Amino acid sequence: MNIEKLWPELTWISDKKLREATTKTWELALDRGVLSPDDLQRIPFTLLAGPDLKVSFMDHKRCVVHVARESTLKMIKFFGDELPIDIDVVIAGAILADVGKLLEYETDEKGNSFQGTYGKYLRHPFSGVSLAEECGVPAEVCHIIAAHAGEGDMIKRSTEAYIVHHADFMTFLPFKSRLEI
Ligand SMILES: [Fe+2]
């Protein structure tokens with residue numbers, strides 16, 4: 001499996017060791033989970049936005065990485081040393097935030113995805129950290145995986161985790177529910 005084809009954004013991670021650990025985590029998740037790269041291009045990115053949603057898992061995940069990177073560049077430009085941000089950590093964290101969904105989701109005979117028993121016990125922030133640690137992803141990036149969703153509201157987020165959390169939610173919440181007049 002060519003992970004770089006699925007995730008062209010991996011080349012944005014300048015630290016070789018971090019890039020390799022991030023790539024390895026995706027390889028492991030695809031190996032262990034039931035979803036294929038083709039499924040990821042096809043299944044809707046959330047199960048909470050109704051049955052007609054066309055935005056795929058990969059469309060959404062890649063958008064989050066782009067929004068997080070652009071936001072980081074703007075924050076570095078305007079805030080400089082006042083708010084140190086490690087852009088490699090942001091990008092790796094954004095690429096890995098939902099990797100655990102490969103263990104959370106299962107598919108039925110029609111190809112529709114649903115949350116399986118394992119996923120009910122361990123939502124993707126937990127399974128994602130488990131996969132990433134196995135592949136040598138450092139704690140500052142695992143923190144982003146752990147804290148990117150609602151569970152992260154219970155702890156103090158790093159700057160990098162705030163960025164990924166908001167990039168994820170600003171591109172998700174309007175699909176779930178928005179004011180329409
Ligand atoms: Fe998520």
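Leaving aside its neighbours within four places in sequence, which residues is T25 in contact with?

## T25 and its surroundings

This is a predicted model, and in it T25 is in contact with L96, V99, L131, A132, C135 and V137, once the neighbours within four places in sequence are set aside. T25 itself is found in helix 2, which runs over residues 16-32.

Is T25 buried or exposed? With a relative accessible area of 0%, T25 is buried. Its side chain also has a polar partner: the backbone oxygen of A21, at 2.7 Å.

## The iron site

Now to the metal. The iron ion has D98 (OD), H124 (NE2) and H148 (NE2) as its protein donors, and they lie 2.1 to 2.2 Å from the ion. Read along the sequence, the spacing of these donor residues is D-x25-H-x23-H. D98 sits in the loop between helix 5 (87-96) and helix 6 (101-104), while H124 is in helix 8 (residues 124-134), so this pair ties together parts that are 26 residues apart in sequence.

How accessible are these two donors? D98 is buried, with a relative accessible area of 4%. H124 counts as buried too, at 4% relative accessibility.

## A nonpolar patch on the surface

Over on the surface, Y118, Y121, L122 and F126 make a nonpolar patch of about 460 Å². Y121, one of the residues in that patch, lies in helix 7 (residues 117-121). Y121 counts as exposed because its relative accessibility is 71%, and the cut-off for that label is over 50%.

Conventions
Residues are numbered from 1 along each chain as its sequence is written. This is a predicted model: local features need pLDDT of at least 70, side-chain atom pairs count only at pLDDT 80 or more; totals for chains, interfaces and linings use all residues. Side-chain values use heavy atoms; hydrogens and water are left out. Helices (H or I, at least four residues) and strands (E, at least two) are DSSP runs, numbered from the N terminus. Buried means under 20% relative accessible area, exposed over 50%, partly exposed in between (1.4 Å probe, protein chains only). A polar contact is a pair of N or O atoms within 3.5 Å; within protein, one must be able to donate a hydrogen and the other to accept it, and residues adjacent in sequence count only if both atoms are side-chain atoms. Contact means heavy atoms within 4.5 Å. Patches are made of residues with over 30% relative accessible area and no salt bridge: like charges are joined within 9 Å, nonpolar side chains (Val, Leu, Ile, Met, Phe, Trp, Tyr) within 5 Å. Accessible areas come from the Shrake-Rupley method with a 1.4 Å probe; for residues, only the protein chains shown count as cover. A salt bridge is a side-chain nitrogen of Lys or Arg within 4 Å of a carboxyl oxygen of Asp or Glu. Donors are N, O and S atoms within 2.8 Å of the metal (3.2 Å for Na, K and Ca); water is not among the atoms, so sites may look incomplete.
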